[in-house]
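User: Please take a close look at one part of this model, the nonpolar patch on its surface, and then set it beside a few other local features.

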There are 2 protein chains.
Amino acid sequence: MKHVVIVGGGFAGLNAAKKLGGAPDVRVTLVDRQNYHLFQPLLYQVAMAGLSPADIAAPIRSLLARYENVSVLQGRIQSVDLQAQTVSADFGQLEFDYLLLCCGAIPTYFGHANWEEYAPSLKTVPQATEIRRRLLSSFEAAERVDDSARRRQLLTFVVIGGGPTGVELAGAIGEMSRFTLARDFRKIDTKLTRVILIESGPRILPSFSEKQASRATRDLEKLGVQVWPDSLVTRIDEDGVEVDAKRIHASTILWAAGVRGVEFVGCDGLEVDEQGRAVVDKDLSIGGHPNAFVAGDQASFTHQTGKPLPGTAPVAMQQGRFVARAILRDLAGKPREAFRFFDRGQMATIGRSRAIVEIGKLRFSGWFAWLTWLVVHIYFLVGFKNRLFVVLNWAWSYVTFRRGARLIVEHEWRFNKTDANDQTPSEK
Amino acid sequence: MKHVVIVGGGFAGLNAAKKLGGAPDVRVTLVDRQNYHLFQPLLYQVAMAGLSPADIAAPIRSLLARYENVSVLQGRIQSVDLQAQTVSADFGQLEFDYLLLCCGAIPTYFGHANWEEYAPSLKTVPQATEIRRRLLSSFEAAERVDDSARRRQLLTFVVIGGGPTGVELAGAIGEMSRFTLARDFRKIDTKLTRVILIESGPRILPSFSEKQASRATRDLEKLGVQVWPDSLVTRIDEDGVEVDAKRIHASTILWAAGVRGVEFVGCDGLEVDEQGRAVVDKDLSIGGHPNAFVAGDQASFTHQTGKPLPGTAPVAMQQGRFVARAILRDLAGKPREAFRFFDRGQMATIGRSRAIVEIGKLRFSGWFAWLTWLVVHIYFLVGFKNRLFVVLNWAWSYVTFRRGARLIVEHEWRFNKTDANDQTPSEK
């Protein structure tokens, strides 16, 4: 009975566990520090008050409940010993015959760790609800203040990073301020909200074609988003952002500029690329250890195109399933194959009923692209109930222009430690 | 143009604002430290992972958006000056012609403020998600540990307080452990979970009839809940609860034993009862100030039955509407009436498809009572969309025995301040 340890319940880990579920002569232990699998591609909708966290997350152990040979443990890995074939976690040690590391990526601020305080990223549920809190609190604060300069600052939103996430965030803020909030305020006109999308490169959505990117830019501008390419952020503080030594007074700043692979605690001598991702072999194994694999955002696979595959859900899912297959082939005495990513294309959505899609040579945009985006995301969304509820949420929002989760929720829950009042959003 | 200031967007404040909305010669400013109205009666379902916060909460300003003469401000009141007719908030000062205070109630630990750390109450959204986090984390931790005594402690849940909230919490934990989680774990048998409901009085649900209360007790026992009446909690700490000097080793403890009215900052010389609620006149005005009212959980109205009305939603709603009516009668030059609470009865639910209902002389229980409970709560739930989604959630849970929001979400969102891993639920 071979023991497979999977670290991380994201797209890679979950798909590997499912494929190994029910297989003979294998037992699987999946370890994750969260108890839930998160559907990352829709996390921006939680940050934008469109969905609740539970709509896009499901308990890992429920998703794997039907596989008797798979057990799930919530915990955190402290170190990995590839020689001794052990993983030590905060709850004890695990011995493995096969190891799959797929812990994903975390935001990087390129050496400015202090920027995170002022410009949260969007990788986790707590980050999403924090962004939601800041976004909505800015409008609330703007309604309260009298000083017009201060109000302008409160109604200025800066999104840093012109990739798909940055575009989705900026588009959603534009849409929210133009439509959702328009009727709700008395003193402020939310339509005057400034949304600025900052990209250091020559254009947004570099992974897309020139034509599609400029279409996306026009769509963003229709939603009131100013797109600033070739702009380098030189400073971020409580007052706003400094772009090429020019200051933007903004109270809400979002960071979508860069991520790095999660570090490998105790995997010394492991080759990582400049983004901290483990350089993997053709079969996704690492450091000459055929029984240790890395997949998903944490892996740097260059054997197919010469440059690393992007950190997307499709790559992670396919790599997860590949690793499971490789293990099963080992047990069956068959030779391993080399991993090949089958690219189904890419898409990005820009606010209400606009998107761009590229599938090989095929490229389209507008409402039909948005519909495609919708269907694909619903299809891949984990768990029947989540799908149903997200569809209903969207249908409802689409018809009413409303958003279903406009809650400003504070972190502090005690009455006796900090008075709950002290948690009222400061106007910072 | 008279200015009415309403402090608090709960049932009382919201209903008063709606009734004053659109009325001539009145403008209303509603101040709340949250941006959302919370449907308290269903908050226990958020704590029990059945609903998401957004399912039972809606932005106050959306709920009042259509009333041009009502403006909503998120902020916190620092003091009230009834003579000068001013309210000072963290965002500035408001002058009022009429004032309605309806800030609700907060949990009280009867002089043991330090107990809150170990035994959270259920009044706010952050508290509900904190309870959810502790509840689910205990099962996760139990699956990890090997020591059987420790596991028993992790699978022991104590609910303190035998009122409707305590009964609903205990019943939901029993149901969750018996049905929802049963298939998801490998090492532990969640059916062995101990749930203890502690009541200091001779029986649970004192406000209900003897017969109904004992029916509820039997229903709870069917769900594996032990009911301990006449039991006094003498100590709470990280190891568990001490009841009449007898120790229960429990890792999850919930407090539903008592609440007190929110204090009136700067309303010195105001008469309050032993539960900190403002003693109000027949017309809900206070301290001989006919233009200052208190309603809802914060008020102590004794003129109808001799003892204060209970802190329930129906009382708050009727009092809110009454105050609005009283103000409008003033403006119309009509005399004020005395408030009379029209009691539509009371109900409590005990887990899946069981409840008890008392409407005057009419008393029933079981499945039909549960259906009644369902219909009434759905009917009063604010906002069409919330209703729809709650119904669907319940229908789905009812059919599948699953729960839609089983997320353990941590408070910390930064990667660079505390590493997100450090937030993994400790086994405390």
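Analyst: At a relative accessibility of 31%, A:Tyr398 counts as partly exposed, because that class lies between the limits of 20% and 50%. In this predicted model, A:Tyr398 belongs to helix H10 of chain A, and together with A:Trp367, A:Phe368 and A:Val399 it makes a nonpolar surface patch of about 450 Å². Patch residues need over 30% relative accessible area, a cut-off to keep in mind for A:Tyr398 with its 31%. Two helices of chain A, H9 (367-380) and H10 (384-400), each contribute at least two residues to the nonpolar patch.

Helix H4 of chain B, residues 125-144, offers another view: 19 of its 20 residues are buried, so the rest of the structure largely encloses H4(B). The length of this helix agrees with expectation, because 20 residues at 1.5 Å a residue should span 28 Å and the end C-alpha atoms of H4 in chain B are 29 Å apart.

Turning to the backbone, most residues other than glycine have a negative phi. B:Leu205, however, has a positive phi near 50°; this residue sits in the loop between strand S12 (194-198) and helix H7 (210-222) of chain B, where B:Leu205 is buried with a relative accessible area of 0%. B:Asp244, also not a glycine, has a positive phi of about 45° and lies in the loop joining strand S15 (240-243) and strand S16 (246-249) of chain B, but B:Asp244 is partly exposed, at 44% relative accessibility.

Notes. Residues numbered from 1 in each chain as written. Chains lettered and ligands numbered in written order. Predicted model: local features only at pLDDT ≥ 70, side-chain atom pairs only at ≥ 80, totals over all residues. Heavy atoms only, no water. Patch = residues over 30% accessible without salt bridge, like charges linked within 9 Å, V, L, I, M, F, W, Y side chains within 5 Å. Areas by Shrake-Rupley, 256 points an atom, 1.4 Å probe, with all protein chains shown as cover. Salt bridge = Lys/Arg side-chain N within 4 Å of Asp/Glu carboxyl O. Helix = DSSP H or I, 4+ residues; strand = E, 2+ residues; numbered from the N terminus. Buried < 20%, exposed > 50% of the residue type's maximum accessible area, 1.4 Å probe, protein only. Expected span 1.5 Å × (residues − 1).
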